Structure formats: structure tokens, C-alpha cells
Amino acid sequence: MAEQDPILEVRGLTKHFKSGNAMRVNIVKALEDVSFKLYPGKVVALVGESGSGKSTTARLIARLYDPTAGDILYDGKNVALAHSRKAMLDYRRHVQMIFQDPFGSLNPVHRVEYILKRPLLLHKKAKRGNIQEEVQLLLKRVSLTPAEEFAEKYPHQLSGGQRQRVAIARALAVEPKVILADEPVSMLDVSIRMGVLNLMAQLRDENNIAFLYVTHDLASARYFADETMVMYAGRVVESGPSEELIRSPQHPYTQLLLSAVPDPSRGLRTQEVEITGEVPSLGAVGQGCPFAPRCKHVMARCHEAMPPVTDLGGGRMTRCYLFEGGATGVNSAESAAAAAQVRA
Ligand SMILES: Nc1ncnc2c1ncn2[C@@H]1O[C@H](COP(=O)(O)OP(=O)(O)OP(=O)(O)O)[C@@H](O)[C@H]1O
Ligand SMILES: [Mg+2]
């Protein structure tokens with residue numbers, strides 16, 4: 001995977017939202033020190049419970065708001081704080097976002113043709129003369145045929161799946177190198193999710209597009225994503241090739257997430273993971289591991305400082321003291337005993 005250069009890289013991405021007033025300021029630590037790379041023709045999935053910071057990551061990369069800290073490198077150039085109109089137009093030509101709600105993201109007063117014409121003209125991808133042809137080509141690429149008929153429709157005349165296909169066509173209009181897809185199928189009927197996922201997989205392969213795929217659904221991450229990152233309370237706690245990560249989760253939180261997913265190969269028995277409690281309030285997240293209050297392997301130092309990144313080999317990493325010494329060796333007798341229990 002690392003043979004070619006990444007098209008996009010984030011380093012130490014951090015976002016603290018401030019709210020309240022002069023008397024009392026609340027800080028929500030939505031994202032802390034997140035780093036990863038996206039490669040052409042590859043998909044990275046971001047999974048985690050509600051509020052774990054998945055959309056914040058995608059929105060920061062889309063430059064919908066400024067990061068509190070960290071770098072966003074597109075093709076090697078840092079755009080984390082770029083603001084000029086020219087820089088933003090140039091960046092958005094290459095990095096497009098698809099949202100969860102295709103109805104909310106398509107202007108209801110315009111026909112599909114208008115919705116697709118705009119980016120083509122704004123980014124000078126088509127001349128006025130051949131614009132209709134370009135619109136129809138886009139509709140064919142997302143399998144909305146006969147294209148002439150779909151071009152005439154308004155968003156409310158389309159089904160959810162068709163609307164999401166229009167949103168994908170709109171993103172494709174500028175020939176992007178990166179697509180940030182924030183739960184693109186979670187609002188669609190289960191029966192049509194696969195079709196939209198397969199369309200994105202086809203675009204990834206045919207156009208060498210790098211995808212960041214935000215989802216709650218580990219099964220679809222396994223299906224669509226080469227690599228999966230698991231987020232908890234604004235931190236990436238585990239990442240690695242999707243297949244291996246899902247087959248043998250290491251971090252206690254990943255094990256918890258997977259214990260909730262039925263796996264036919266394991267029969268009706270699910271993994272026995274005994275974890276209680278709730279996701280912490282992000283204003284209250286302190287110095288230690290945010291998962292510590294719910295972790296049955298918790299040790300004293302888990303409350304003191306965030307565990308460092310441990311390279312588990314094979315492209316896998318985790319942030320957990322159980323694995324501090326690496327995949328095969330742990331630092332203390334306490335960690336060794338707990339790690340053995342986790343791996344059992
Ligand atoms: N604009 C904002 N202002 C203040 N807080 C915000 C803002 N956007 C997000 N947050 C907070 O940041 C945290 C992470 O939110 P985010 O939307 O990234 O989570 P998520 O993983 O996408 O969740 P979901 O699965 O529900 O979409 C949440 O606690 C959320 O309330
Ligand atoms: Mg979200």
C-alpha cells in the first residue's frame with residue numbers, strides 16, 4: 001500500500017469546539033491527534049459510535065472549518081489553514097464530499113441538469129456548448145439512465161438511492177482525486193445500499209479515486225474499505241487492514257464494537273465482551289485513555305496519560321497499554337497478564 005505517495009495525509013488533526021459565553025466557556029474535544037493517509041484507488045473506513053468524531057474528521061478535511069491543530073497535506077501541500085478563494089476552489093476541485101442525507105444536500109428547486117451543470121461550469125470542466133452532453137455522461141456513469149429523463153427531474157421526483165447517485169455524479173463532475181463519503185448509505189433502504197456501495201467501488205477502481213468512508217457499519221467497512229480506523233471519543237484507538245482488524249480485533253473497544261455485529265461464521269455465539277457504561281462527555285475527557293472508564297482491563301496508568309501508538313506489525317496499530325511493548329512483548333507483568341486475557 002505504501003508503494004506510491006499518498007494523495008492526502010492528515011497529521012495530528014485536532015478539533016476543539018468552543019461554546020458558551022464569556023462567563024462560562026465549554027470546550028468539546030471532538031478530535032485529538034488523528035493521523036492517517038489516503039492513497040489513490042484505496043478506501044479507508046472510519047468507524048465508531050455516534051459522537052466519536054467521524055464527521056468532524058471528514059468536515060475538517062473538506063475544509064468546512066479550521067482545525068485547532070494539525071496538518072492536512074494534499075499532494076504534499078499543507079492546506080489546513082488555506083482560505084483564499086483560489087486555493088479553496090483548487091482544493092475542492094480535487095477533494096469532494098458526499099453527505100448522509102442526499103435530499104438535504106441537493107437543492108430542491110433545481111432540476112438534476114442544473115445541479116450537475118453548476119460544478120462543471122464553476123470548475124471550468126465543460127464549455128457551455130457541450131454542457132448537456134457532459135451532464136448526460138455523468139448520469140450514465142452513475143447508472144441513471146435514460147440520462148435525458150433523469151436530467152429533467154427534480155430531487156423530490158427521485159428515490160433516496162437515485163438522489164445519492166446524483167450527489168455522487170455532482171462530486172464526479174470535477175474529476176476529484178479524493179471523495180469524503182460521510183455515511184453515504186446509512187439513510188438508504190438496506191436493499192439499495194449495496195448498489196450504491198458497488199458504484200463507489202467501481203469509481204474507485206476505474207478512476208483511481210481515494211475514498212474516506214465514514215460508517216457505523218463494520219460489515220460494510222470490511223466489504224468496501226482496504227483499511228479501517230476505529231475511533232473512540234475523538235481518538236483513533238485501532239487501525240489496520242479491514243479484513244484482519246475485523247477478524248482479530250485487539251483493542252478492547254474494537255472488541256466491544258464487533259461483539260455487537262452478528263457473524264455467521266461464528267454461529268450464534270458472539271464474543272464475550274463485558275463492558276458497561278457510556279461514551280464520556282467530550283468536555284470531560286481528561287488526560288488518560290477515554291475508554292478507561294468502560295474497560296475491564298483498565299490499569300492505574302490508563303487514567304493518567306493516553307497510551308502511545310503501538311505498531312502491531314502488518315500495517316496494524318493500536319493505542320492501548322496492553323500492547324505497549326508491541327504485538328508480542330508487553331512492558332509489565334500487569335500488562336502481560338491482561339494482554340493474554342484479551343487475546344484469548
Ligand atoms: N459545530 C460543532 N460545534 C460544537 N460541537 C460539535 C460541532 N460538531 C460536532 N460537535 C461535537 O463533536 C463531537 C463529535 O461529533 P461528530 O459529528 O464528529 O461525531 P460522529 O462520529 O460523526 O457521530 P455520528 O455517528 O452521530 O454522526 C460530538 O460531541 C459533537 O456534539
Ligand atoms: Mg457523523
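A residue counts as buried here if 20 or more other C-beta atoms lie within 10 Å of its own.

**Figure 1. The whole protein, as a predicted model.** By that cut-off, buried residues make up 41% of the 344 residues in the protein. The fold has 12 helices and 12 strands. Take the contacts with a separation of 6 or more: 60% of them come from residues 24 or more positions apart.

**Figure 2. Four strands side by side in an open sheet.** Read across the sheet and the order is 2-1-4-5, with antiparallel pairing. Strand 2 and strand 5 (77-78) are the edge strands, each pairing on one side only. Strand 1 (residues 8-20) and strand 2 (residues 25-38) are joined by 10 bridges, and a hairpin of four residues links the two. To find your way along this pair, look for lysine 15, whose bridge partner in strand 2 is leucine 31. Strand 1 also pairs with strand 4 (residues 69-74), this time over five bridges and again in the antiparallel sense. Here valine 10 stands opposite isoleucine 72 of strand 4. Moving on to strand 5, strand 4 pairs with it over two bridges; tyrosine 74 has lysine 77 in strand 5 as its bridge partner.

**Figure 3. The surroundings of ligand 1.** There are 13 residues around ligand 1, and Phe17, Ala30, Ser50, Ser55 and Thr56 come nearest. Three elements give two or more residues each to this shell: strand 1, strand 2 and helix 1 (54-61). Which element gives the most to the shell? That's helix 1, with three residues.

**Figure 4. Helix 7, with the rest of the structure around it.** Helix 7 (residues 160-172) has 13 residues and reaches 18 Å from its first C-alpha to its last, close to the 18 Å expected at 1.5 Å a residue. Because 11 of its 13 residues are buried, helix 7 is largely enclosed by the rest of the structure. The buried set isn't just greasy side chains: among its members are Gln162, Arg163, Gln164, Arg165 and Arg170, along with Val166, Ile168 and Leu172. So what do the buried residues of helix 7 pack against? Two strands are on the list, strand 6 (95-98) and strand 7 (178-182). The helices on it are helix 3 (102-105), helix 4 (112-122), helix 5 (131-141) and helix 8 (190-207).

**Figure 5. The largest nonpolar core, with 87 residues.** Look for Ala45, Leu180, Leu212 and Tyr213, the members that touch the most others. Helix 7 supplies the largest share of this core, six residues. Domain 1 (8-230) and domain 2 (252-343) both give residues to the core, so it lies between them. Zoom in on alanine 45 and you'll find contacts with Tyr213, Thr215, Ala221, Phe224, Ala225, Thr228, Met229 and Ser242, leaving out residues up to four places away in sequence.

**Figure 6. Leucine 257, a buried residue of helix 11.** Leucine 257 lies in helix 11 (residues 252-259). Is this residue buried or exposed? It's buried, because 21 other C-beta atoms lie within 10 Å, and the cut-off is 20 or more. Leucine 257 touches Leu218 and Val230, not counting residues up to four places away in sequence. Also pick out valine 47: it is 210 residues away from leucine 257 along the chain, yet their C-alpha atoms are separated by 9.3 Å.

How values were computed
Residues are numbered from 1 along each chain as its sequence is written. Chains are lettered from A and ligands numbered from 1 in the order in which they are written. This is a predicted model: local features need pLDDT of at least 70, side-chain atom pairs count only at pLDDT 80 or more; totals for chains, interfaces and linings use all residues. The expected span of a helix is 1.5 Å times one less than its number of residues. A residue is buried if 20 or more other C-beta atoms lie within 10 Å of its own, exposed if 12 or fewer, and partly exposed in between; C-beta atoms are placed from the backbone. Two residues are in contact if their C-beta atoms, placed from the backbone, lie within 7 Å. A nonpolar core is a set of buried Ala, Val, Leu, Ile, Met, Phe, Trp, Tyr and Cys residues joined through C-beta atoms within 7 Å. Domain bounds come from an automatic or database domain assignment. Two strands pair if DSSP finds at least two bridges between them. A residue is near a molecule or strand if its C-beta atom, placed from the backbone, lies within 6 Å of it.
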